[in-house]
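User: Please take a close look at one part of this model, the helical packing, and describe in a connected account how its elements are arranged and what they bury.

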Amino acid sequence: PAFPMDGGRVLRATISIFKGPGKATLIAARIGQALALGLAIIGFRYDPFLIFIAVFIWMSAASEQRMQMAKIKQQQAIDEALRRRDNETPGGPEWKA
């Protein structure tokens, strides 16, 4: 189940039941990269074409990982801005709507 292919997406969906979608994407991407590394090693031994497939899987999983990390950082920035705004409300946080 190498992420981001179909089996990896099923794996991510299963993990997200327990860890949430953000963490599940990161875990599935790491597993996909590990499988890609194994596929590349097998490719060196038996069929060099497998190396190209492994590179595709590795790069795709890394891309998904970067996108998820960007989403997490963006959400953290939004949360921090809202927290700062709430603390600057006249009368303190108890006066917010």
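Analyst: A convenient starting point in this predicted model is glycine 20, which adopts a positive phi of about 90° just after α1. The helix that precedes this glycine, α1 (6–19), comprises 14 residues, and the distance from its first C-alpha to its last is 19 Å, close to the 20 Å expected at 1.5 Å a residue.

The helix α3 (49–87) can be examined in the same way. Its 39 residues should span 57 Å at 1.5 Å a residue, and because its end C-alpha atoms lie 58 Å apart, the two values agree. The buried residues of α3 are Ala54, Ile57, Ser60, Ala61, Ala62, Glu64, Gln65, Gln68 and Asp86. Their cover includes α1 and α2.

Two of these buried residues, Ala54 and Ile57, join Ala2, Ala36 and Ala40 in the largest nonpolar core, which has 5 residues in all. Both α2 (21–45) and α3 give two or more residues to this core. Beyond its neighbours within four places in sequence, isoleucine 57 touches Ala2, Phe3, Pro4, Met5, Gly32, Ala36 and Leu39. In soluble globular proteins, nonpolar side chains tend to be buried together.

A polar residue also deserves attention here: glutamine 33, located in helix α2. Glutamine 33 counts as buried because its relative accessibility is 11%, under the 20% cut-off. Setting aside neighbours within four places in sequence, glutamine 33 is in contact with Trp58, Ala61, Ala62 and Gln65. Of these partners, Ala61, Ala62 and Gln65 are themselves among the buried residues of α3.

Notes
Residues numbered from 1 in each chain as written. Predicted model: local features only at pLDDT ≥ 70, side-chain atom pairs only at ≥ 80, totals over all residues. Heavy atoms only, no water. Core = buried A, V, L, I, M, F, W, Y, C linked by side-chain atoms within 4.5 Å. Buried < 20%, exposed > 50% of the residue type's maximum accessible area, 1.4 Å probe, protein only. Helix = DSSP H or I, 4+ residues; strand = E, 2+ residues; numbered from the N terminus. Contact = heavy atoms within 4.5 Å. Expected span 1.5 Å × (residues − 1).
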